[in-house]
Amino acid sequence: MANPFRADQIGSLLRPPDLLQARQSGANAERLRELEDQHIRRVFAKQKELGFDIFTDGELRRRNFMSDFTDAVEGFDFGDAVARTWQAGEMKAAPVSSVTGIVTKKLRQVRPLTGHELPFTKANCPAPSK
């Protein structure tokens with residue numbers, strides 16, 4: 001009998017402390033990618049264990065809720081950023097990147113919003129993803 005209940009993840013998952021630390025310390029791109037890959041695989045495994053039908057990477061590659069957009073377009077002024085923090089388990093406040101919203105010229109897309117995330121997801125996700 002099929003499960004009569006539906007569950008899935010909506011929104012970002014908390015960034016693990018080692019991933020937050022790597023971003024804060026300016027880890028090189030290869031090391032950061034390795035950490036993201038490791039944690040996304042862990043997130044996929046947990047969703048499979050919980051019986052989810054649709055999977056998400058938890059937005060773990062993003063620095064903040066807007067970074068997929070601000071990284072894919074030009075026209076933002078990042079000089080007057082507002083600091084944000086994530087609450088991360090035992091850490092009372094985990095620093096993350098700044099969020100800006102100051103548009104200084106016409107926005108122009110310079111790369112796909114999430115196209116860089118899709119190949120890893122397709123190769124590693126055990127079920128359909130969103």
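Begin with the largest pocket, whose volume is about 180 Å³. A pocket here is an open set of points on a 1 Å grid over the protein atoms alone, with protein on both sides within 12 Å along at least five of seven lines. Its volume is the space filled by probe spheres set on those points, which are joined across faces, edges and corners.

This is a predicted model, in which local features need pLDDT of at least 70 and side-chain atom pairs count only at pLDDT 80 or more, while totals for chains, interfaces and linings use all residues. Residues are numbered from 1 along each chain as its sequence is written, and side-chain values use heavy atoms, with hydrogens and water left out.

**Pocket lining.** Select T56, D57, E59, R62, T114, E117, L118, T121, S129 and K130, the residues that line the largest pocket; a lining residue has an atom within 4 Å of a point. By class, this lining holds 1 nonpolar, 4 polar and 5 charged residues. Ala, Val, Leu, Ile, Met, Phe, Trp, Tyr, Cys and Pro count as nonpolar, Asp, Glu, Lys and Arg as charged, and the others, including Gly, as polar.

**Overall fold.** Switch next to a cartoon view of the chain, which has 4 helices and 4 strands. Helices (H or I, at least four residues) and strands (E, at least two) are DSSP runs, numbered from the N terminus. Along the sequence the pattern reads α-α-α-β-β-β-β-α. Of the 130 residues, 30% count as buried, a term that means under 20% relative accessible area, with exposed meaning over 50% and partly exposed lying in between (1.4 Å probe, protein chains only).

**Salt bridges.** The whole structure contains 11 salt bridges, each defined as a side-chain nitrogen of Lys or Arg within 4 Å of a carboxyl oxygen of Asp or Glu. Select R23 and E36, whose side chains meet in one of these at 2.8 Å, N to O. This pair links distant parts of the chain, with R23 in helix α1 (residues 17-25) and E36 in helix α2 (residues 29-50), 13 residues apart. E36 counts as buried because its relative accessibility is 7%.

Add R33 and D37, which form a salt bridge at 3.6 Å, N to O. The two residues are 4 apart in helix α2 and are therefore separated by about one helical turn. R33 is partly exposed at 30% relative accessibility, whereas D37 is buried at 14%.

Then extend the selection to R61, which forms a salt bridge with D37, the closest N and O atoms being 2.6 Å apart. D37 and R61 are 24 residues apart and join distant parts of the chain. R61 counts as buried, since its relative accessibility is 9%. Through shared partners, salt bridges join R23, R33, E36, D37 and R61 into one network.

**Surface patch.** Select F69, V103, L107 and L113, a nonpolar surface patch with about 300 Å² of accessible area together. Patches are made of residues with over 30% relative accessible area and no salt bridge; like charges are joined within 9 Å, and nonpolar side chains (Val, Leu, Ile, Met, Phe, Trp, Tyr) within 5 Å. Areas come from the Shrake-Rupley method with a 1.4 Å probe, and for residues only the protein chains shown count as cover. Within the patch, L107 belongs to strand β4 (residues 102-109) and is partly exposed at 33% relative accessibility.

**Final stop.** Select P126, in the segment after α4 (118-124). P126 is partly exposed, with a relative accessible area of 42%. The C-alpha atoms of P126 and D53 are separated by 9.5 Å, and these residues are 73 apart along the chain.

Notes. On a 1 Å grid over the protein atoms alone, a cavity is a set of points where a 1.4 Å probe fits but cannot get out, and a pocket is an open set with protein on both sides within 12 Å along at least five of seven lines; lining residues have an atom within 4 Å of a point.
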